[in-house]
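Here are my notes on this one, as numbered points. Have the coordinates open as you go through them.

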Amino acid sequence: MRIVDALEADIASGRLIRGQRLPTHRSLASGLRIDLTTVTRAYSEARRRGLIEARVGQGTFVSETTARAAHDGPAAATIDLSMNLPPQPVEAQLDRRIEQGLAAIRSDAGLSAFLSYAPPGGSVEQREAAAAWLRARVAHAAAERIVIYPGSQAIIFNALVSLTRPGDVVVTEALTFPGLKAAAPRLGVHLAGVAMDAEGARPEALDDALRKHKSKLVYLVPSQQNPTTATMSAARRAAIAGVIRKRGAVLIEDDVYGPLEPRLSPIATLIPDRTYYAASIAKCIAPALRVAYLLAPDESAEQMMRGCLQATMQMPAWPMVALATHWLRSGIADDIIRAIRNEAAARQQLAARALKGVTYAARPTSHHLWLPQPARFDAAELLSHLMRNGLAVVGEAAFAASASAPRGLRISLGAARNRAELGQALQVVSRALTSPSIRQIV
């Protein structure tokens, strides 16, 4: 265990770097003057923790990420790129920072202090920490208008509960977040998908849809849109804001990917009185922490959303909120986000090399890319071909909000456990696009 702890400490300090080859079992045993079995057991435990990885015929190396092997992917897939996850680079030190964060919370107030009921939407201290963090993107963020939720999906569902009635129409992109598609029919709400281009929803299409459906609610993902990665320029955001204001509509702005595009200001900065702004750590740190922040347009809206949260799920998991708050206040969250953003950029560069000559859409720091369906291929056959070759991705059906939605595949680069696995997966994609074994449309 001392060997394992030393490995972990050296990785955290940077003394050992990602991909660095480690001594063989025998040479380390000789150098430390200990039994070979002891080293073998230490390396096994280090692999279990995700610190190191063994490569057949090459040796043992420092892991590129702390992600473990997937256990619940599609049965036929050996590489699952279907979930849009942030990578876990060793530089983020997530395991160590979780342990240190919980230790700090325990030292300050005791962990049991966060095991009882708490005010729905967060304590004053937690909301103030969230407001300070959000002000880097939305200057008007204020604690009294923030509600802390157990994830963005809960924000979306609660917003639909509060702002719609059965039969209402919500206008969104032609390809939209599957979570919205899942929530809307449960409440009898219909979705109207509008035409998109490289910057996302087109203003004139949004205007036409709001007029045609007499809709008053819009849901958009302006940065690194899921699944297309379309990202609105400042001019496009201003045009969209103008349409929403002209039509007297309200916007749910899902800025879950915003921290990966820190230079772009949210639409909420342009129409703060008409925007329910949702931010989350799911795509910039980790989804399972289930901590998201809603910035309501005014205090009345904040009270309405807080009441809806209390009625539907009472509160988020307070130990996780406490951990996220500690990270926000200490600056650790920004350090983790920076490491994940850098890893996302490296994976996009890898994709550019592996898919050279292939037409696809991406952003320099996005966790996914969008591969429009090549005209000569049948989409179902292409998906089936990739699965037969051990690769799981997602087609447009999961995202389509209109019959005319663009066709294609979303490939989630962050879901790969390391760059080597990602490179292998992208080679499968590259070969598939030129494979004679895929039935072509005549």
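**Notes on helices, strands and sheets**

1. Start with helix H4 (residues 94-108): its 15 residues should span 21 Å at 1.5 Å a residue, and the end C-alpha atoms are indeed 21 Å apart, which agrees. The expected span here is 1.5 Å times one less than the number of residues. Helices (H or I, at least four residues) and strands (E, at least two) are DSSP runs, numbered from the N terminus. Bear in mind that this is a predicted model, where local features need pLDDT of at least 70 and side-chain atom pairs count only at pLDDT 80 or more, while totals for chains, interfaces and linings use all residues. Residues are numbered from 1 along each chain as its sequence is written, and side-chain values use heavy atoms, with hydrogens and water left out.

2. Which residues of H4 are buried? They are Leu94, Arg97, Gly101 and Ile105; they cover an arc of only 70° around the axis, which puts them on the same side of H4. Buried means under 20% relative accessible area, exposed over 50%, and partly exposed in between (1.4 Å probe, protein chains only). The arc is that of the directions from the helix axis to the C-beta atoms. An α-helix has 3.6 residues a turn, so residues three or four places apart point the same way.

3. Turn H4 over and you find exposed Glu99, Arg106 and Ser107 on the face turned away from the buried side. The cover over the buried residues of H4 includes helix H11 (318-330) and helix H12 (332-354). Just after H4, Gly110 has a positive phi of about 85°.

4. Helix H10 (residues 299-312) makes a good companion to look at. With 14 residues, H10 reaches 20 Å from its first C-alpha to its last, close to the 20 Å expected at 1.5 Å a residue. Ala301, Glu302, Met305, Arg306, Cys308 and Leu309 are buried in H10; they cover an arc of only 160° around the axis, which puts them on the same side of H10. Exposed Ser300, Gln303 and Ala311 sit on the face turned away from that buried side.

5. What do the buried residues of H10 pack against? Their partners are helix H5 (124-134), strand S4 (146-149), helix H6 (152-163), S11 and S12, with contact meaning heavy atoms within 4.5 Å. At the N-terminal end of H10, Asp298 acts as the cap, with a side-chain oxygen 3.1 Å from the backbone nitrogen of Ser300. (A polar contact is a pair of N or O atoms within 3.5 Å; within protein, one must be able to donate a hydrogen and the other to accept it, and residues adjacent in sequence count only if both atoms are side-chain atoms.) Gln314, which follows H10, has a positive phi near 70°.

6. Now strand S11 (residues 275-280): six of its six residues are buried, so S11 is largely enclosed by the rest of the structure. Both faces are covered, with Thr275, Tyr277 and Ala279 buried on one side and Tyr276, Ala278 and Ser280 on the other. S11 runs parallel to strand S10 (residues 250-254), joined by four bridges, and Ile252 stands opposite Tyr276. Strand S12 (residues 292-295) runs antiparallel to S11, again with four bridges; Tyr293 in S12 is the bridge partner of Ala279. Two strands pair if DSSP finds at least two bridges between them.

7. Strand S5 (residues 169-173) has five of five residues buried, so S5 too is largely enclosed by the rest of the structure. Five bridges link S5 in parallel to strand S6 (residues 190-194), where Val194 stands opposite Glu173. Two bridges link S5, also in parallel, to strand S9 (residues 217-220), and Val171 has Val218 as its bridge partner there.

8. S13, S16 and S15 form an open three-stranded sheet in the order S13-S16-S15, with antiparallel pairing. Strand S13 (368-372) and strand S15 (394-395) stand at the edges with a single partner strand each, so one side of each is left without a neighbour in the sheet. Five bridges join S13 to strand S16 (residues 408-412), and Pro372 stands opposite Gly408.
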